[in-house]
Amino acid sequence: MPVSRNIFRFIALPSGPFWLTLVFFLFLGFSIGTAAEPFGEVPEVGDSRPAGQATPTDKVTPHKAGLIAVTIDDLPCVGIRSRTPEANLKMIADTLVAERVPATGFVVTDRGHFQALRYWQKAELDLGNHSHSHPQYSKTSIPQYLADLKKNLAIMQKELGIDLSSGFFRYPYLDHGNSEEKVAAVADFLAERGGKLAHVSLDTVDYRFAQYYKGEKKPIAKKAYLQHLKECTNFFSGMSRKLFGREIPLILLLHANELNADCLPDILALYRSMGFHFISLNEAVADPAYQPYLLRPPLVKCHGDRNF
(Lines give C-alpha, C1' and ligand atoms only; values in the text may rest on other atoms or scores of the structure.)
Protein backbone atom coordinates (compact mmCIF):
# COMPACT_ATOMS: atom_id res chain seq x y z
CA MET A 1 0.00 0.00 0.00
CA PRO A 2 1.20 3.57 -0.55
CA VAL A 3 3.97 4.70 1.75
CA SER A 4 2.22 8.06 2.12
CA ARG A 5 -0.95 6.41 3.38
CA ASN A 6 -1.30 6.48 7.15
CA ILE A 7 -3.97 6.36 9.76
CA PHE A 8 -4.83 10.03 9.42
CA ARG A 9 -6.25 9.52 5.95
CA PHE A 10 -9.39 8.40 7.76
CA ILE A 11 -10.05 11.98 8.86
CA ALA A 12 -11.52 12.47 5.40
CA LEU A 13 -13.97 9.59 5.87
CA PRO A 14 -17.14 9.51 7.95
CA SER A 15 -16.56 9.71 11.68
CA GLY A 16 -16.84 5.95 12.32
CA PRO A 17 -13.71 4.66 10.54
CA PHE A 18 -11.53 7.41 11.94
CA TRP A 19 -12.70 7.20 15.52
CA LEU A 20 -12.80 3.43 15.65
CA THR A 21 -9.28 3.18 14.24
CA LEU A 22 -8.00 5.96 16.49
CA VAL A 23 -9.54 4.34 19.56
CA PHE A 24 -8.12 0.99 18.47
CA PHE A 25 -4.55 2.25 18.31
CA LEU A 26 -4.86 4.34 21.45
CA PHE A 27 -6.25 1.34 23.25
CA LEU A 28 -3.45 -0.90 22.08
CA GLY A 29 -0.92 1.70 23.10
CA PHE A 30 -2.20 2.32 26.60
CA SER A 31 -4.62 -0.38 27.72
CA ILE A 32 -3.48 -3.86 26.68
CA GLY A 33 -4.05 -6.30 29.48
CA THR A 34 -6.95 -4.46 31.12
CA ALA A 35 -10.64 -4.97 30.42
CA ALA A 36 -11.60 -7.78 28.06
CA GLU A 37 -14.25 -5.69 26.31
CA PRO A 38 -12.45 -2.42 25.43
CA PHE A 39 -14.94 -0.95 23.01
CA GLY A 40 -18.37 -1.74 24.41
CA GLU A 41 -20.97 -1.13 21.72
CA VAL A 42 -19.09 0.44 18.82
CA PRO A 43 -21.30 2.52 16.52
CA GLU A 44 -21.75 1.18 13.00
CA VAL A 45 -21.44 3.54 10.08
CA GLY A 46 -24.43 3.77 7.76
CA ASP A 47 -24.36 5.14 4.23
CA SER A 48 -26.02 8.49 4.83
CA ARG A 49 -24.83 9.55 8.26
CA PRO A 50 -23.53 13.13 8.36
CA ALA A 51 -19.99 13.36 9.64
CA GLY A 52 -19.77 13.76 13.40
CA GLN A 53 -23.27 12.37 14.13
CA ALA A 54 -22.48 8.77 15.08
CA THR A 55 -24.84 7.19 17.60
CA PRO A 56 -24.93 3.66 19.06
CA THR A 57 -28.43 3.11 17.63
CA ASP A 58 -27.43 3.48 13.96
CA LYS A 59 -27.95 0.42 11.76
CA VAL A 60 -25.94 -0.86 8.82
CA THR A 61 -27.76 -0.47 5.52
CA PRO A 62 -28.38 -3.91 3.95
CA HIS A 63 -26.80 -4.44 0.54
CA LYS A 64 -29.45 -6.59 -1.13
CA ALA A 65 -27.71 -6.74 -4.49
CA GLY A 66 -24.16 -5.97 -3.41
CA LEU A 67 -21.29 -7.71 -5.18
CA ILE A 68 -17.72 -8.12 -3.98
CA ALA A 69 -14.66 -9.52 -5.73
CA VAL A 70 -12.00 -10.76 -3.31
CA THR A 71 -8.38 -10.03 -4.19
CA ILE A 72 -5.37 -10.84 -2.02
CA ASP A 73 -2.03 -9.10 -2.43
CA ASP A 74 1.54 -10.09 -1.63
CA LEU A 75 1.29 -13.83 -2.23
CA PRO A 76 2.75 -16.08 -1.07
CA CYS A 77 2.92 -14.26 2.27
CA VAL A 78 3.55 -11.05 4.14
CA GLY A 79 4.12 -10.51 7.85
CA ILE A 80 4.00 -14.18 8.87
CA ARG A 81 4.94 -14.80 12.51
CA SER A 82 3.62 -18.07 13.92
CA ARG A 83 3.34 -20.41 10.91
CA THR A 84 5.02 -21.16 7.61
CA PRO A 85 4.04 -19.28 4.44
CA GLU A 86 2.81 -22.59 3.01
CA ALA A 87 0.52 -23.18 5.98
CA ASN A 88 -0.77 -19.63 5.96
CA LEU A 89 -1.62 -19.55 2.27
CA LYS A 90 -3.18 -23.02 2.53
CA MET A 91 -5.51 -21.69 5.24
CA ILE A 92 -6.61 -18.85 2.97
CA ALA A 93 -7.07 -21.10 -0.06
CA ASP A 94 -8.94 -23.78 1.89
CA THR A 95 -11.38 -21.21 3.28
CA LEU A 96 -12.08 -19.75 -0.16
CA VAL A 97 -12.65 -23.18 -1.67
CA ALA A 98 -14.86 -24.35 1.21
CA GLU A 99 -16.93 -21.17 1.00
CA ARG A 100 -17.01 -21.31 -2.82
CA VAL A 101 -15.64 -17.80 -3.12
CA PRO A 102 -13.61 -16.94 -6.25
CA ALA A 103 -10.46 -14.93 -5.61
CA THR A 104 -7.38 -13.55 -7.34
CA GLY A 105 -4.03 -13.59 -5.58
CA PHE A 106 -1.31 -11.17 -6.67
CA VAL A 107 2.18 -12.65 -6.53
CA VAL A 108 5.51 -11.06 -5.61
CA THR A 109 7.92 -13.59 -7.07
CA ASP A 110 11.10 -12.69 -5.20
CA ARG A 111 9.48 -14.00 -2.00
CA GLY A 112 9.75 -17.56 -3.30
CA HIS A 113 7.73 -20.32 -1.57
CA PHE A 114 6.45 -21.58 -4.90
CA GLN A 115 5.06 -24.73 -3.29
CA ALA A 116 2.53 -22.50 -1.54
CA LEU A 117 1.62 -20.94 -4.88
CA ARG A 118 1.24 -24.38 -6.43
CA TYR A 119 -1.32 -25.21 -3.76
CA TRP A 120 -3.23 -22.02 -4.62
CA GLN A 121 -3.06 -22.95 -8.29
CA LYS A 122 -4.26 -26.51 -7.57
CA ALA A 123 -7.23 -25.02 -5.71
CA GLU A 124 -8.16 -23.35 -9.03
CA LEU A 125 -7.85 -19.86 -7.62
CA ASP A 126 -6.60 -17.14 -9.95
CA LEU A 127 -3.16 -15.52 -9.88
CA GLY A 128 -1.98 -12.12 -11.02
CA ASN A 129 1.24 -10.14 -11.44
CA HIS A 130 2.24 -7.96 -8.48
CA SER A 131 5.84 -7.47 -9.73
CA HIS A 132 9.00 -9.36 -8.85
CA SER A 133 10.42 -7.19 -6.06
CA HIS A 134 7.45 -4.97 -5.06
CA PRO A 135 9.05 -1.65 -6.12
CA GLN A 136 7.48 1.74 -5.58
CA TYR A 137 6.89 3.08 -9.09
CA SER A 138 7.18 6.75 -8.14
CA LYS A 139 10.75 6.01 -6.99
CA THR A 140 11.70 3.67 -9.86
CA SER A 141 12.58 4.43 -13.47
CA ILE A 142 10.28 3.17 -16.21
CA PRO A 143 12.84 0.71 -17.67
CA GLN A 144 13.59 -0.74 -14.23
CA TYR A 145 9.91 -1.05 -13.39
CA LEU A 146 8.92 -2.76 -16.61
CA ALA A 147 11.89 -5.13 -16.26
CA ASP A 148 10.61 -6.06 -12.81
CA LEU A 149 7.14 -6.84 -14.19
CA LYS A 150 8.64 -8.97 -16.95
CA LYS A 151 10.73 -10.88 -14.41
CA ASN A 152 7.56 -11.81 -12.53
CA LEU A 153 6.04 -13.18 -15.73
CA ALA A 154 9.17 -15.19 -16.56
CA ILE A 155 9.47 -16.72 -13.08
CA MET A 156 5.78 -17.64 -12.90
CA GLN A 157 6.09 -19.33 -16.29
CA LYS A 158 9.17 -21.25 -15.15
CA GLU A 159 8.01 -22.25 -11.66
CA LEU A 160 4.28 -22.80 -12.17
CA GLY A 161 4.00 -23.16 -15.93
CA ILE A 162 1.47 -20.35 -16.02
CA ASP A 163 1.36 -17.40 -18.40
CA LEU A 164 0.17 -14.30 -16.53
CA SER A 165 0.95 -11.87 -19.35
CA SER A 166 -2.69 -11.63 -20.42
CA GLY A 167 -4.02 -11.62 -16.87
CA PHE A 168 -4.33 -8.98 -14.18
CA PHE A 169 -1.62 -6.70 -12.86
CA ARG A 170 -1.82 -4.68 -9.66
CA TYR A 171 0.59 -1.88 -8.83
CA PRO A 172 2.66 -2.54 -5.69
CA TYR A 173 1.61 -0.01 -3.04
CA LEU A 174 -1.09 0.97 -5.59
CA ASP A 175 1.59 3.44 -6.71
CA HIS A 176 1.09 4.12 -10.42
CA GLY A 177 3.96 6.61 -10.62
CA ASN A 178 1.83 9.77 -10.47
CA SER A 179 2.84 10.91 -13.95
CA GLU A 180 1.26 10.49 -17.36
CA GLU A 181 4.50 9.12 -18.79
CA LYS A 182 4.69 6.34 -16.21
CA VAL A 183 1.01 5.49 -16.42
CA ALA A 184 1.22 5.33 -20.23
CA ALA A 185 4.25 3.01 -20.07
CA VAL A 186 2.42 0.42 -17.98
CA ALA A 187 -0.76 0.84 -20.04
CA ASP A 188 1.25 0.05 -23.18
CA PHE A 189 2.91 -2.90 -21.42
CA LEU A 190 -0.50 -4.35 -20.55
CA ALA A 191 -2.07 -3.59 -23.93
CA GLU A 192 0.73 -5.34 -25.80
CA ARG A 193 0.08 -8.53 -23.82
CA GLY A 194 -3.68 -8.36 -23.44
CA GLY A 195 -3.38 -7.70 -19.71
CA LYS A 196 -5.67 -5.72 -17.43
CA LEU A 197 -5.25 -3.46 -14.43
CA ALA A 198 -6.70 -4.67 -11.13
CA HIS A 199 -8.23 -1.69 -9.37
CA VAL A 200 -9.28 -1.44 -5.73
CA SER A 201 -12.66 0.05 -4.87
CA LEU A 202 -12.98 -1.35 -1.34
CA ASP A 203 -9.85 -0.39 0.54
CA THR A 204 -8.90 -0.99 4.16
CA VAL A 205 -5.81 -0.72 6.34
CA ASP A 206 -5.70 -4.41 7.20
CA TYR A 207 -1.90 -4.25 7.33
CA ARG A 208 -2.14 -1.81 10.26
CA PHE A 209 -4.28 -4.21 12.26
CA ALA A 210 -1.98 -7.08 11.25
CA GLN A 211 0.90 -5.33 13.03
CA TYR A 212 -0.94 -5.75 16.34
CA TYR A 213 -2.35 -9.20 15.65
CA LYS A 214 -0.14 -11.19 18.00
CA GLY A 215 -0.25 -12.79 21.42
CA GLU A 216 -2.84 -11.50 23.85
CA LYS A 217 -3.73 -8.66 21.46
CA LYS A 218 -5.25 -11.01 18.87
CA PRO A 219 -8.88 -11.00 20.12
CA ILE A 220 -8.87 -7.20 20.44
CA ALA A 221 -7.30 -6.70 17.01
CA LYS A 222 -9.72 -9.16 15.38
CA LYS A 223 -12.80 -7.50 16.87
CA ALA A 224 -11.67 -4.03 15.81
CA TYR A 225 -10.61 -5.25 12.36
CA LEU A 226 -13.99 -6.79 11.55
CA GLN A 227 -15.72 -3.60 12.63
CA HIS A 228 -13.28 -1.62 10.49
CA LEU A 229 -14.14 -3.79 7.46
CA LYS A 230 -17.85 -3.22 7.99
CA GLU A 231 -17.42 0.54 8.24
CA CYS A 232 -15.16 0.80 5.21
CA THR A 233 -17.57 -1.30 3.17
CA ASN A 234 -20.49 0.94 4.01
CA PHE A 235 -18.43 4.03 3.22
CA PHE A 236 -17.28 2.83 -0.19
CA SER A 237 -20.74 1.51 -1.05
CA GLY A 238 -22.12 4.93 -0.22
CA MET A 239 -19.43 6.56 -2.34
CA SER A 240 -20.38 4.26 -5.21
CA ARG A 241 -23.98 5.43 -5.05
CA LYS A 242 -22.89 9.07 -4.98
CA LEU A 243 -20.58 8.71 -7.97
CA PHE A 244 -22.50 6.23 -10.12
CA GLY A 245 -26.05 6.42 -8.81
CA ARG A 246 -25.89 2.72 -7.90
CA GLU A 247 -23.73 0.19 -6.12
CA ILE A 248 -21.03 -0.98 -8.48
CA PRO A 249 -19.28 -4.31 -7.79
CA LEU A 250 -16.65 -3.63 -5.15
CA ILE A 251 -13.11 -4.96 -5.51
CA LEU A 252 -11.78 -5.79 -2.05
CA LEU A 253 -8.06 -5.70 -1.28
CA LEU A 254 -6.72 -7.93 1.48
CA HIS A 255 -3.18 -9.11 2.17
CA ALA A 256 -1.81 -12.63 2.58
CA ASN A 257 -1.03 -12.22 6.27
CA GLU A 258 -1.89 -14.19 9.41
CA LEU A 259 -4.69 -11.80 10.34
CA ASN A 260 -6.61 -12.52 7.15
CA ALA A 261 -5.84 -16.24 7.20
CA ASP A 262 -7.40 -16.49 10.66
CA CYS A 263 -10.24 -14.02 10.08
CA LEU A 264 -11.26 -14.94 6.54
CA PRO A 265 -14.19 -17.19 7.58
CA ASP A 266 -15.52 -14.31 9.70
CA ILE A 267 -14.91 -11.79 6.91
CA LEU A 268 -16.89 -13.84 4.40
CA ALA A 269 -19.67 -14.41 6.93
CA LEU A 270 -19.76 -10.67 7.66
CA TYR A 271 -20.23 -9.80 4.01
CA ARG A 272 -22.92 -12.40 3.55
CA SER A 273 -24.75 -11.06 6.60
CA MET A 274 -24.63 -7.62 4.97
CA GLY A 275 -26.30 -9.00 1.84
CA PHE A 276 -23.26 -9.26 -0.42
CA HIS A 277 -22.55 -11.96 -2.98
CA PHE A 278 -19.10 -12.93 -4.21
CA ILE A 279 -17.99 -12.72 -7.83
CA SER A 280 -14.69 -13.07 -9.66
CA LEU A 281 -12.42 -10.16 -10.50
CA ASN A 282 -13.18 -10.69 -14.18
CA GLU A 283 -16.89 -10.37 -13.47
CA ALA A 284 -16.34 -7.22 -11.42
CA VAL A 285 -14.35 -5.36 -14.08
CA ALA A 286 -16.97 -6.25 -16.69
CA ASP A 287 -19.15 -3.61 -15.00
CA PRO A 288 -19.36 -0.36 -17.03
CA ALA A 289 -17.83 1.58 -14.12
CA TYR A 290 -14.47 -0.18 -14.68
CA GLN A 291 -14.48 -0.60 -18.45
CA PRO A 292 -12.79 2.73 -19.31
CA TYR A 293 -9.98 1.96 -16.86
CA LEU A 294 -8.77 -1.54 -17.72
CA LEU A 295 -5.30 -0.23 -18.60
CA ARG A 296 -4.89 2.91 -16.50
CA PRO A 297 -6.14 4.56 -13.31
CA PRO A 298 -8.93 7.16 -13.55
CA LEU A 299 -6.81 10.02 -12.16
CA VAL A 300 -3.09 10.22 -12.90
CA LYS A 301 -2.34 12.85 -10.24
CA CYS A 302 -4.30 11.05 -7.53
CA HIS A 303 -2.68 8.60 -5.11
CA GLY A 304 -3.45 5.02 -6.06
CA ASP A 305 -5.46 4.18 -2.95
CA ARG A 306 -7.86 7.03 -3.71
CA ASN A 307 -8.42 6.39 -7.43
CA PHE A 308 -11.72 4.58 -6.94
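**View 1. Gly161 takes a positive phi of about 65° just after helix α4.** Everything in these views comes from a predicted model, where local features need pLDDT of at least 70, side-chain atom pairs count only at pLDDT 80 or more, and totals for chains, interfaces and linings use all residues. Residues are numbered from 1 along each chain as its sequence is written, and side-chain values use heavy atoms, with hydrogens and water left out. Helices (H or I, at least four residues) and strands (E, at least two) are DSSP runs, numbered from the N terminus. At 1.5 Å a residue, the 19 residues of α4 should span 27 Å, and its end C-alpha atoms are indeed 27 Å apart; the expected span is 1.5 Å times one less than the number of residues. Among the buried residues of α4 are Ile142, Tyr145, Leu146, Asp148 and Asn152, where buried means under 20% relative accessible area, exposed over 50%, and partly exposed in between (1.4 Å probe, protein chains only). The buried residues of α4 pack against β2, α3, β3, β4 and α5.

**View 2. Ser131 sits in the loop between β3 and α4.** Ser131 counts as buried because its relative accessibility is 0%. Setting aside neighbours within four places in sequence, Ser131 is in contact (heavy atoms within 4.5 Å) with Val107, Val108, Thr109, Asp148, Leu149, Asn152, Phe169 and Pro172. Asp148, Leu149 and Asn152 are themselves buried residues of α4.

**View 3. Helix α5 covers residues 180-193.** With 14 residues at 1.5 Å each, α5 should span 20 Å, and its end C-alpha atoms are 20 Å apart, so the two values agree. Buried here are Lys182, Val183, Ala185, Val186, Ala187, Phe189 and Leu190. Their cover includes α4 (142-160), β4 (168-169) and β5 (196-197). Just after α5 comes Gly194, with a positive phi of about 75°.

**View 4. Strand β2 is largely enclosed by the rest of the structure, because five of its five residues (103-107) are buried.** In a regular strand the side chains alternate between the two faces of the sheet. In β2, Ala103, Gly105 and Val107 point one way, Thr104 and Phe106 the other, and all are buried. β2 pairs with β1 (residues 67-75) in the parallel sense over four bridges; strands count as paired if DSSP finds at least two bridges between them. Val70 stands opposite Ala103 in β2. β2 also pairs with β3 (residues 126-129), again in the parallel sense over four bridges, and Phe106 has Gly128 of β3 as its bridge partner.

**View 5. Two right-handed connections meet at β2.** β1, helix α2 (residues 85-98) and β2 make a right-handed β-α-β unit. From β2 the chain crosses through helix α3 (residues 114-122) to β3, and this crossover is right-handed too. Right-handed here means that, with the strands pointing away from the viewer, the path from the first strand over the helix to the second runs clockwise.

**View 6. Trp120 and Tyr271 have the most contacts inside the largest nonpolar core, which has 77 residues.** A nonpolar core is a set of buried Ala, Val, Leu, Ile, Met, Phe, Trp, Tyr and Cys residues joined through side-chain atoms within 4.5 Å. Not counting residues up to four places away in sequence, Trp120 touches Ile72, Leu75, Leu89, Ile92, Ala93, Leu96, Thr104, Gly105, Leu125, Asp126 and Leu127.
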